[in-house]
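Colleague: I have the sequence and the coordinates open. Can we go through the charged pairs, the cores and one pocket?

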Amino acid sequence: MNKWEDNKAWFMVIPVFLVVAVSAIVPLMTVVNYSLQDIFGPDQRVFVGIEWYKDALTDPRLHDALKRQLLFSSLVLLIEIPLGILIALMMPKKGWGASLSLVLVALPLLIPWNVIGTIWIIFMRPDIGLLGAAVNGLGIPFDHTASPFAAWVTVMLMEVWHWTPLVVLLAYAGLQAIPEAYFQAARIDGASVWSTFRYIQLPKMRGVLTIAVLLRFMDSFLIYAEPFVLTGGGPGNSTTFLSIYLVKLAVGQFDLGPAAAFSIIYFLIVLLFCWLFYQALLKVGTGDKS
């Protein structure tokens, strides 16, 4: 009876393991299987080993897409993290204003990703779009369908508008969790606003900011729906990120073997960068504590 009681928890984990196996492990093994074969049809396939991996790693189109993806994710982090912290610091801490601010800030997060792209297509149109027509009315030619620079600016504005609220909510939660005694001690010592932020608020937000950085990096590195709806990867290939390139390879060209190999490489790249970010943030936290 005691042995059964000790092992009962493992039986409760079995349903979770089965769900994970069906939803994640089995599809992953299927992709790995496809990546090792040249598929001509449902029952026509040839084993090619790691040939598709070699082709993917030497494909200049993949290298270009990776560079664009790294640039995009880096800009996302450099803009959204400081901006989210700033907005969280400016929001009311108590009363009806705090509740209203949280609701308004969270609204962009409730909009489906494909709808976000459609909204910004209309918003940035040079003829009838509110912002696009305004910019062109000032004598500045701006068309995200014709200019790579305009396309990048539009995609960045869309991404910042859509996902900065997530950073704001996480930073706001971290600020609200700081005991009031810390701020009272800072006021007694005559600490400035910057000193209070640097030595009290920022260290206490380290946990939520770590989550914010990891979530925003992973999501920005896997972004697909918004830029695909907005630009389709164009003009040219200027906004063809890794996910868009993968879909074009798998769906557009129906190269399932190369697409499967590329998706495995894509998956490993995301894991690698997330691990590097996590280790760097841990080292920063350890250094500050010492």
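Modeller: Yes. Keep in mind that this model is predicted. A network of salt bridges links E80, E159, R216 and D219.

Colleague: How many salt bridges does a search of the whole structure find?

Modeller: Side chains of opposite charge can pair when their charged atoms come close. Here the cut-off is 4 Å between a Lys or Arg side-chain nitrogen and an Asp or Glu carboxyl oxygen. Across the whole structure, the salt bridges number 6.

Colleague: In the salt bridge of R216 and E80, what is the N to O distance?

Modeller: The two side chains meet in a salt bridge, R216 giving the N and E80 the O. The distance is 2.6 Å.

Colleague: How many residues apart are R216 and E80?

Modeller: This pair links distant parts of the chain. R216 lies in helix α10, residues 206–221, and E80 lies in helix α3, residues 60–90. Along the chain they are 136 residues apart.

Colleague: Are R216 and E80 buried or exposed?

Modeller: Under 20% relative accessible area counts as buried. R216 has 1%, so R216 falls below that limit. E80 has 0%. Both ends of the pair are therefore buried.

Colleague: Which helix holds E159, and is E159 buried or exposed?

Modeller: E159 sits in helix α7. Its relative accessibility is 1%, so E159 is buried.

Colleague: Which residues does E159 contact, leaving aside neighbours within four places in sequence?

Modeller: Contact here means heavy atoms within 4.5 Å. E80, R216 and D219 are on the list, and these three also belong to the salt-bridge network with E159. The full set is F72, V76, E80, T164, R216, D219, S220, I223 and E226.

Colleague: Take the salt bridge of R61 and D59. Which of the two is buried, and which is partly exposed?

Modeller: Their side chains meet at 3.2 Å, N to O. R61 has 45% relative accessibility, so R61 is partly exposed. At 11%, the buried one is D59.

Colleague: What about R187 and E180: how far apart are the closest N and O atoms?

Modeller: R187 is exposed because its relative accessibility is 54%. E180 is at 42%, so E180 is partly exposed. The two form a salt bridge, and the closest N and O atoms are 3.1 Å apart.

Colleague: Which helix gives the largest share of the lining of the second largest pocket?

Modeller: R187 and E180 are both in that lining, along with K93, K94, L175, Q176, I178, P179, F183, T196 and Q201. Helices α7 (148–176), α8 (180–188) and α9 (193–204) each supply at least two residues. The largest share is 3 residues, and they come from α8.

Colleague: How much space lies in that second largest pocket?

Modeller: Rolling a probe the size of a water molecule over the atoms shows where empty space is left. The lining of this pocket divides into 4 nonpolar, 3 polar and 4 charged residues. The space in the second largest pocket is about 200 Å³.

Colleague: Which helix gives the largest share of the largest nonpolar core?

Modeller: The largest nonpolar core has 43 residues. Those with the most contacts inside it are I81, I85, M205, F221, F262 and Y266. The largest share of this core, 9 residues, comes from helix α13, residues 256–289.

Colleague: Which residues does I85 contact, leaving aside neighbours within four places in sequence?

Modeller: I85 is one of the residues with the most contacts inside the largest core. M205 is another, and I85 touches M205. The full list for I85 is A171, F197, M205 and L209.

Colleague: How many residues make up the second, separate core?

Modeller: W120, V135, V155 and M156 are among its members. The count for this second core is 15 residues.

Colleague: Is H144 buried or exposed?

Modeller: H144 is in the loop between α6 and α7. Leaving aside neighbours within four places in sequence, its contacts are I121, M124, A150, A151, T154, L230, T231 and P235. With a relative accessible area of 3%, H144 is buried.

Colleague: Last one. Which residues does L131 touch, not counting those up to four places away in sequence?

Modeller: L131 lies in helix α6, residues 130–137. At 28% relative accessibility, L131 is partly exposed. The residues L131 touches are F123, M124 and L157.

Methods: Residues are numbered from 1 along each chain as its sequence is written. This is a predicted model: local features need pLDDT of at least 70, side-chain atom pairs count only at pLDDT 80 or more; totals for chains, interfaces and linings use all residues. Side-chain values use heavy atoms; hydrogens and water are left out. On a 1 Å grid over the protein atoms alone, a cavity is a set of points where a 1.4 Å probe fits but cannot get out, and a pocket is an open set with protein on both sides within 12 Å along at least five of seven lines; lining residues have an atom within 4 Å of a point. Grid points are joined across faces, edges and corners, and a volume is the space filled by probe spheres set on the points. Helices (H or I, at least four residues) and strands (E, at least two) are DSSP runs, numbered from the N terminus. Ala, Val, Leu, Ile, Met, Phe, Trp, Tyr, Cys and Pro count as nonpolar, Asp, Glu, Lys and Arg as charged, and the others, Gly among them, as polar. Buried means under 20% relative accessible area, exposed over 50%, partly exposed in between (1.4 Å probe, protein chains only). A nonpolar core is a set of buried Ala, Val, Leu, Ile, Met, Phe, Trp, Tyr and Cys residues joined through side-chain atoms within 4.5 Å.
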